[in-house]
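The following exercises are to be worked with the sequence and the structure at hand. Each task is followed by a solution in steps.

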Amino acid sequence: MMSKRKEELGKGIRALLRDMDTSDGPSSVSSALTGVTEIDTASIELNPFQPRTDFDPAGLEELAASIRIHGVIQPVTVRRLDSGRYQLVSGERRLRASRMAGLKRLPAFIRSTNDQEMLEIGLVENIQREDLNAVEIAIHYQRLVDECGLQHEQLAGRVGKSRSAVTNYLRVLQLIPEIQQALRSREISMGHAKVFSGIHDPVAQLDLFRRAVSRDMNVRQLEQEAAHYRPRKKSHSPDKGAVGLEPEMLRLQDQLSSKLSARVQIRGDRGKPGQIVVQYHSEEDLYRIAELIR
């Protein structure tokens, strides 16, 4: 019983659409989704809100070959336009493969929906795909927040995740590009990404990432290493070098930080001897900075 319930939850929006279609008797959703009917493939326009832009040609050909033999098993979902044509809500891969297979008609649910609902359905359906990497999932989550106006709690309910899991995915988009690329290629896991997201300094993120890759660290090892990169509690005495710098000196400080890819502080009063303090996070980082200075 529990396994059946878990399976239904995992199907996400597709299970919802199917359940709406098979519901008997009058209900509030009966006007939103009618029964399965066959419509001309040529009368279906693609969904302009479709978040998925890449379709594997080999995978489409395999699906087309299956459709030639077995037909379209799972109907697509469309909405009726004022022109009498239809616009795809979900199932673009099935529609493309059906056209490749030479089908003139295919089964479809006809749904009443607005533009925002179409975008939300397309995004949520894409999230259910198993081949998405963590960065792609994070981008989909962010679009649901930005374009559909969903709060994190609402988003968690839509995609069947905990609120903390949704938040962790969204934090992926704040990581430096090198870490995001490693996530895309599955060189590191979401567990690694969660540790990196706790380091807010981009330079420290990069240094820790390079150490993690070179040493092939697991998540537990990375957590232990990351503890050295978190800022220590500030002392109660103010940092004299950070107070009262003139705009020209601040610009110079920023230029040095950018050039060395490290945090640089200029300390001292105008017209008097001072100090340039360069922070490093590891021995490797120190040698990297020294090489740049040389």
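## Exercise 1: A pair between two helices

E225 and R211 form a salt bridge whose closest N and O atoms are 2.5 Å apart. The model is a predicted one.

**Task.** Determine in which helices E225 and R211 lie, and decide whether E225 is buried or exposed.

**Solution.**
1. E225 belongs to helix α12, whereas R211 belongs to helix α11; the two residues are 14 residues apart, and the pair links distant parts of the chain.
2. Buried means under 20% relative accessible area. E225 has a relative accessible area of 15% and is therefore buried.
3. R211, at 11% relative accessibility, counts as buried.

## Exercise 2: Pairs between strands and a loop

**Task.** Locate R85 and E45, whose side chains meet in a salt bridge, and classify R85 by its accessibility.

**Solution.**
1. The N to O distance in this salt bridge between R85 and E45 is 3.1 Å.
2. R85 is found in the loop between β3 (76-80) and β4 (86-90), and E45 in strand β2 (residues 44-45); the pair therefore ties together parts that are 40 residues apart in sequence.
3. The relative accessible area of R85 is 31%, so R85 is partly exposed. E45, with 29%, is partly exposed.

**Task.** State which residue R105 pairs with in a salt bridge, and which network contains R105.

**Solution.**
1. The partner of R105 is E38, with the closest N and O atoms 3.8 Å apart.
2. R105 lies in strand β5 (residues 105-110) and E38 in strand β1 (residues 37-40), 67 residues apart.
3. R105 counts as partly exposed at 39% relative accessibility, and E38 counts as partly exposed at 46%.
4. Salt bridges with shared partners join E38, D40 and R105 into one network.
5. The count of salt bridges comes to 7.

## Exercise 3: The nonpolar cores

**Task.** Identify the helix that supplies the largest share of the largest nonpolar core, and list what L144 touches beyond four places away in sequence.

**Solution.**
1. The largest nonpolar core has 39 residues, and Y141, L144, L155 and F196 have the most contacts inside it.
2. Helices that each supply at least two residues of this core include α5 (115-127), α6 (134-148), α7 (152-159) and α11 (202-214).
3. The largest share, 8 residues, comes from α6.
4. Not counting residues up to four places away in sequence, L144 touches E120, L123, V124, I127, G149, L150, L155 and V159.
5. Another core, of 17 residues, lies apart from this one; among its residues are F55, L88, A108 and I110.

Terms used. Residues numbered from 1 in each chain as written. Predicted model: local features only at pLDDT ≥ 70, side-chain atom pairs only at ≥ 80, totals over all residues. Heavy atoms only, no water. Core = buried A, V, L, I, M, F, W, Y, C linked by side-chain atoms within 4.5 Å. Buried < 20%, exposed > 50% of the residue type's maximum accessible area, 1.4 Å probe, protein only. Helix = DSSP H or I, 4+ residues; strand = E, 2+ residues; numbered from the N terminus. Contact = heavy atoms within 4.5 Å. Salt bridge = Lys/Arg side-chain N within 4 Å of Asp/Glu carboxyl O.
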